[in-house]
Amino acid sequence: FFFGSSNSCLRGSNPSKMMSSLSRIPDEILSDIFLFEVSRRKWRLVSKKFSQCVPLHIVVHRSLNAKQEARILSMLGHRNCRSLKATDWFVDARSISKRLHISKSLKSVSIHHSGNDSSAIVELAFASLTQDTIESWSFGDFSLDDAGIVALAEVVKKSRRLKNLEFHQCTFGEDGLIVLAEAFATTKSLRTVNIKSCKLCRGGFQELAKGFSNSASIQGINMAFTPLGDEGLQAMGDSLKKSGYLQHVNLDFSNVGGCIDPVISGIVHSKALTHLSLKGNELGDGGAEALAEVLPKSSIEILNLIDNNISHFGALALGAALPTSKRLRELQLGLNRIGSSGTKALAEGMGRAPSLHVVGLTSNTIGPEGVQWVAKALGASSTLTTLDLSHNIFRDGIDDLRVGLKASKSLQNLNVEGCNLCPNSVALMAA
């Protein structure tokens, strides 16, 4: 387990040396805390008085003995304790609940693989409402029955601070999801909902989607690795149409496949959607062409199509859409198979895209011919700042790329890792 100040204070430190030293400290001294003193750029041991001015973030990644566990629970009561992240710590949730009743500073709680059941959620949920300081809840590997979900729904409805709710590898009771969806529709504070790698009952997402549609606060949903099925995708499309607030939607590896039409319809009607991630959904060229058709009319600024089995046909459609996609700032197309011919079509669009800043083309079997077109796009574009060409073999096209770099008016970052380039070639490009 590790105690420390906020991550932003770790710059300039030596974490590996610090952790090595920690393992040699006698157990009775572990009640003291490592504090990174920003002004002096060094680590030192200080007394518990530090908690009067320095935020405390607690991370536990293993089971603890009784003495260590008591110490952790005691630290949760510190008035400047900000967060608890516990993984593989088999602790009775009621012990944490007692601290939640009194803590006025704790803002984030993450409990994964703790061995607790749904009754623990009930304890934690109602305890958190006493002081109402929690802004983020994260639960992993829980089997949530209706009682547990209903308790969380009460928190969603009544809390004025809760901004993020996350579930990972959880299962849900059917009736409880209806109550949770109703809470989503009434909350005024919740901003993001993450339901990743979870198992929903039949019709479960349809219920949740009703809550997303009617919410005036939820701006982001993440359903990565949670299969939605045809009915779920239809509900997702309806949510995008009806909600005026959904800005960020992540459907990575959600089996969208050939059922993208409802999502496309939602994109067309949504005025709020700016970030859409569809990574790993086997969209193929048909899906890419459908997205390309609506992209110029949409509000999308960031589009992730990594690992979707898109060939040069899909790239041709996307390239043709880029010059008229006025809001698109980032396009990720890595781990596809667009090849050099598809790169030509994309490059022509990249050179004329009005606001495109970032393009990812890693692992796309792009050869020297494709790099020639990319080089021309670099000279033509006045907006492109970041380009990822990693893991493509184009050793013979390095001279063309060097010319393109010199002609570029805006490029700041170029990734050519894994492209089989000799060190001298890379040095010449950087010169």
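**Notes on the predicted model**

1. Starting with the cysteines: C170 counts as buried, at 1% relative accessibility. Keep in mind that this is a predicted model. The cysteine sulfur closest to that of C170 belongs to C198, and the gap is 4.9 Å, too far for a bond. A disulfide would need the two sulfurs within 2.5 Å, and the count for the model comes to zero.

2. Now the overall picture. The protein has 431 residues, of which 55% are buried. In secondary structure, there are 15 helices and 19 strands. Take the contacts with a separation of 6 or more: 82% of them join residues 24 or more positions apart. The exposed surface comes to about 19,100 Å², with 50% of it supplied by carbon and sulfur atoms.

3. Helix α5 deserves a paragraph of its own. Its 13 residues span 18 Å from the first C-alpha to the last, close to the 18 Å expected at 1.5 Å a residue. At the N-terminal end, D145 acts as the cap: one of its side-chain oxygens sits 3.2 Å from the backbone nitrogen of A147.

4. What covers α5? Its buried residues are G148, I149, A151, L152, A153, E154, V155 and V156. The cover over them includes two helices, α4 (118–131) and α6 (174–186). Strands contribute too, among them β7 (136–140), β8 (143–144), β9 (164–168) and β10 (171–172).

5. One charged residue appears in that buried set, namely E154, and E154 pairs with K157 in a salt bridge, 3.3 Å from N to O. Both residues lie in α5 (residues 146–158), three residues apart, or about one turn of the helix. An α-helix has 3.6 residues a turn, so residues three or four places apart point the same way. K157 is partly exposed, with a relative accessible area of 41%, whereas E154 is buried. The pair also belongs to a network of salt bridges that links E154, K157 and K158.

6. Which residue does D399 meet in a salt bridge? The partner is R402, at 2.9 Å from N to O. The spacing helps here, because D399 and R402 are three residues apart in helix α14 (residues 398–407), about one helical turn. As for exposure, D399 is partly exposed at 44% relative accessible area, while R402 is buried at 16%.

7. R94 and D92 make another salt bridge, with the closest N and O atoms 3.3 Å apart. Both ends are partly exposed: R94 has a relative accessible area of 45%, and D92 has 34%. Side chains of opposite charge can pair when their charged atoms come close. Across the whole structure, the search finds nine salt bridges.

8. Last stop, S355. Is S355 buried or exposed? S355 is buried, with a relative accessible area of 14%, and it is found in the loop between α12 (339–352) and β17 (358–360). A polar atom of the S355 side chain lies 2.6 Å from the backbone oxygen of K326. Leaving out residues up to four places away in sequence, S355 touches S325, K326, R327, L328, R329 and T383. K326 thus appears both in the polar pairing and in the list of residues touched.

Methods. Residues are numbered from 1 along each chain as its sequence is written. This is a predicted model: local features need pLDDT of at least 70, side-chain atom pairs count only at pLDDT 80 or more; totals for chains, interfaces and linings use all residues. Side-chain values use heavy atoms; hydrogens and water are left out. A salt bridge is a side-chain nitrogen of Lys or Arg within 4 Å of a carboxyl oxygen of Asp or Glu. Buried means under 20% relative accessible area, exposed over 50%, partly exposed in between (1.4 Å probe, protein chains only). Helices (H or I, at least four residues) and strands (E, at least two) are DSSP runs, numbered from the N terminus. Contact means heavy atoms within 4.5 Å. Accessible areas come from the Shrake-Rupley method with a 1.4 Å probe; for residues, only the protein chains shown count as cover. The expected span of a helix is 1.5 Å times one less than its number of residues. A polar contact is a pair of N or O atoms within 3.5 Å; within protein, one must be able to donate a hydrogen and the other to accept it, and residues adjacent in sequence count only if both atoms are side-chain atoms.
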